[in-house]
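Visitor: Got a minute to walk me through this one? I'd like to start with the surface.

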Amino acid sequence: MRFFAWPLSIILLIISSLFATSAFAIGKVDLVVVNKSESSMTVFNRGKALKTYRIAMGDNPIGHKLTEGDQRTPEGRYILDYKKSDSAYYRAIHISYPNDEDRLRAKALGISPGGQIMIHGENPNSNLSPEEAQQYNWTDGCIAVTNAEMDELWLAIEAGTPIEIWP
């Protein structure tokens, strides 16, 4: 019986690259909290804050999203219900907006509540650096992070994770 001996340098390189990945860096997330007034998103596991991100939102971030095209990011409790690897904005995690309350409100007002609200990466057509872009609200109501941050979140967040979006 022959054994293949890996050089110690290769083994150390593999181990260090595993621990450098974001899944190990921030761990699994069981709650996401967005604070719109602070342009921040914090991810939690078992009540412990793991990391806070600077976010960009819709051009009109104040107030709850009411209708399609109002450039607002919704407020309330939702679920991150699926991942979209082929997003126009790098990668995306879908937010379950509109919920039943949002639909009822829109119906009473005779308007469409809109939809397709996501946490996603950078605008590929932007001339700004990722860090510069995060200083502006440029989405149509989504929550944007840098592509590197999206990679981190992609590994840490599973479908079914709750998200709370505060004013």
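Visitor: Which residues make the nonpolar surface patch of about 230 Å²?
Guide: L66, L109 and I111 make that patch in this predicted model. Patch members have over 30% relative accessible area and no salt bridge (a side-chain nitrogen of Lys or Arg within 4 Å of a carboxyl oxygen of Asp or Glu); nonpolar side chains (Val, Leu, Ile, Met, Phe, Trp, Tyr) are joined within 5 Å, like charges within 9 Å. Areas come from Shrake-Rupley with a 1.4 Å probe, and for residues only the protein chains shown count as cover.

Visitor: Where's I111 found?
Guide: I111 lies in the loop between α3 (100–109) and β6 (118–120). Helices (H or I, at least four residues) and strands (E, at least two) are DSSP runs, numbered from the N terminus.

Visitor: And why does I111 count as partly exposed?
Guide: Because its relative accessibility is 31%; buried means under 20%, exposed over 50%, and partly exposed is in between (1.4 Å probe, protein chains only).

Visitor: New topic: what's the strand order in the sheet?
Guide: The open, mixed sheet of eight strands runs β3-β2-β1-β8-β4-β5-β6-β7. Its edge strands, β3 and β7 (143–144), each pair on one side only; pairing takes at least two DSSP bridges between two strands.

Visitor: How many bridges join β1 to β8?
Guide: Four, and β1 (residues 31–35) runs parallel to β8 (residues 161–166). V33 stands opposite E164 in β8.

Visitor: Any ground rules?
Guide: Local features need pLDDT of at least 70 and side-chain atom pairs 80 or more, while totals for chains, interfaces and linings use all residues. Numbering starts from 1 along each chain as its sequence is written, and side-chain values use heavy atoms, leaving out hydrogens and water.
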